[in-house]
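User: I am new to this structure and would be grateful for a guided introduction. Please show it to me before we begin.

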Amino acid sequence: MNKTGYFTHMDCWKHEMGPGHPECPERLDAIERQLLACGLADLLARREAPLAAIGDIELAHDRMLVAAIRGLGEQLADDIVAGGPSHVQIDPDTMMNVHTWRAALRAAGAAIAATDSVIAGEMANAFCAVRPPGHHAERSKAMGFCFFNNIAIAAKYALERHGLKRVAIVDFDVHHGNGTADIIQGDERILMVSFFQHPLFPFSGADSEAPNMLNLPVPAHTRGMDVRELIDMMWIPRLEDFKPEMIFISAGFDAHRDDELGQMNLNEQDFAWITARIKQVADRHARGRIVSSLEGGYSHGALGRSVEAHLRVLADL
């Protein structure tokens, strides 16, 4: 049986946004430590993420955004040589360093390469342990720790480059995936289902959703059992009716009860249950094809344990 793929690259460690920033390289260290400690590391098909092609990124993003991020990185490198600052500010929460451009290309490239491998049957499914994350990046705007929308790019890639007819995006981050919604709204080939704490950054998703989206805003302190009930009542029937040929997951683990960037009360078992329900739909309609990519998760211990739980289900371990 084909293994679960695990895509990452050392360039994803080099992007950082300053001391004390929650979206930091140590997040990936926490995942790696947990997978080594629990014995999962040797059971996954580990691959290095390639650099995404600019043309593939532009399936989901305006050319001007891609050029702007590239230009900012080049300008920053010149400024540093001249004694300038080490970072450039994108928004109040988001900064670039000289390595951000390549890290963002690797993060998107991981999702694209995972898509190729899963569609080719080389892997049963895949997880991308990458950063920067992606689901807040809109078609023409980087924001919220995100530069390129890795999962939206991969979903568009599956449709445009592989000729799939229907794909689903499942987003279970504590924050609404406003960037994904912006990119895929109105595209009848893509169904997006999500839950997220509301109100909370980016303060979107609760109103006027497009017909191809099912957003489930929930209040702070929502428990895992309540989320499970919503998924069974709302997500699953919609996904079953849609019959996706492939499922993409924006896997945010900041809805964990230990995470300080949100106030939801999920735990590792909840993430395992959610993954299992997604996997059941994929097995019925999509030949089991799933590509998952890391989004949020900022309590390092909880993040490592949650990714382990997610991967155990994907890998049938």
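The following questions and answers concern a predicted model.

User: In what order do the eight strands form the open sheet, and which are the edge strands?

Analyst: The pairing in this open sheet is parallel, and its order is β2-β1-β5-β10-β9-β6-β7-β8. An edge strand pairs on one side only. The edge strands are therefore β2 (45–48) and β8 (213–218).

User: By what angle are neighbouring strands of this sheet turned against each other on average?

Analyst: The value is an average over neighbouring strands of the sheet, with direction ignored. On that basis the turn is 15°.

User: Which strands does helix α9 touch, and what angle does its direction make with that of β9?

Analyst: Helix α9 covers residues 268–285 and packs on the sheet. The strands it touches are β5, β6, β7, β9 and β10. Its direction makes with that of β9 an angle of about 165°.

User: Which residue of β10 stands opposite cysteine 128?

Analyst: Strand β5 is joined to β1 by four bridges and to β10 by three bridges, parallel in sense. On the β1 side, cysteine 128 is the bridge partner of phenylalanine 7. On the β10 side, the residue opposite cysteine 128 is serine 293.

User: Are the residues on the two faces of β5 buried or exposed?

Analyst: In a regular strand the side chains alternate between the two faces of the sheet. In β5, Asn125 and Phe127 lie on one side, and Ala126 and Cys128 on the other. Both faces are covered, and these four residues are all buried.

User: Which helix gives the most to the largest nonpolar core, and with how many residues?

Analyst: The largest nonpolar core has 98 residues. Those with the most contacts inside it are Phe172, Phe195, Trp235, Phe248 and Ile274. The helix that gives the most is α5 (residues 100–119), and its share is eleven residues.

User: How many residues of helix α6 are buried?

Analyst: Helix α6 spans residues 150–160 and has eleven residues. The buried ones include Asn150, Lys156 and Leu159. The helix is largely enclosed by the rest of the structure, because the buried residues number ten of the eleven.

User: Is lysine 156 buried or exposed, and which residue forms a salt bridge with it?

Analyst: The relative accessibility of lysine 156 is 9%, so it counts as buried, the limit being under 20%. Lysine 156 lies in helix α6, while its partner lies in the loop between α7 (178–184) and β7, so the pair ties together parts that are 31 residues apart in sequence. The closest N and O atoms are 3.0 Å apart, and the partner is aspartate 187.

User: Where do lysine 279 and aspartate 316 lie, and how many residues apart are they?

Analyst: The side chains of these two residues meet in a salt bridge at 3.1 Å, N to O. Lysine 279 is in helix α9, and aspartate 316 is in the segment after α10 (300–314). The pair links distant parts of the chain, which are 37 residues apart.

User: Which residues are linked with Asp11 and Lys14 in a network of salt bridges?

Analyst: Lysine 14 and aspartate 11 both lie in helix α1 (residues 11–14), about one turn of the helix apart. They form a salt bridge whose closest N and O atoms are 3.7 Å apart. In the network, Asp11 and Lys14 are linked with Arg102 and Arg106.

User: Which residue in the loop between β7 and β8 has a positive phi, and is it buried or exposed?

Analyst: Most residues other than glycine have a negative phi, and most peptide bonds are trans. In this loop, the peptide bond from phenylalanine 201 to proline 202 is cis, with omega near 5°. The residue with a positive phi, near 60°, is phenylalanine 203. Because its relative accessibility is 57%, and exposed means over 50%, phenylalanine 203 counts as exposed.

User: How far apart in space are methionine 225 and glutamate 160, C-alpha to C-alpha?

Analyst: Methionine 225 is found in helix α8 (residues 224–242). It is exposed, with a relative accessible area of 52%. In sequence, methionine 225 and glutamate 160 are 65 residues apart. In space, C-alpha to C-alpha, the distance is 37 Å.

Technical notes:
Residues numbered from 1 in each chain as written. Predicted model: local features only at pLDDT ≥ 70, side-chain atom pairs only at ≥ 80, totals over all residues. Heavy atoms only, no water. Pairing = 2+ DSSP bridges. Axes fitted to C-alpha atoms, helices over the stretch in contact; angles between N-to-C directions. Contact = heavy atoms within 4.5 Å. Buried < 20%, exposed > 50% of the residue type's maximum accessible area, 1.4 Å probe, protein only. Core = buried A, V, L, I, M, F, W, Y, C linked by side-chain atoms within 4.5 Å. Salt bridge = Lys/Arg side-chain N within 4 Å of Asp/Glu carboxyl O.
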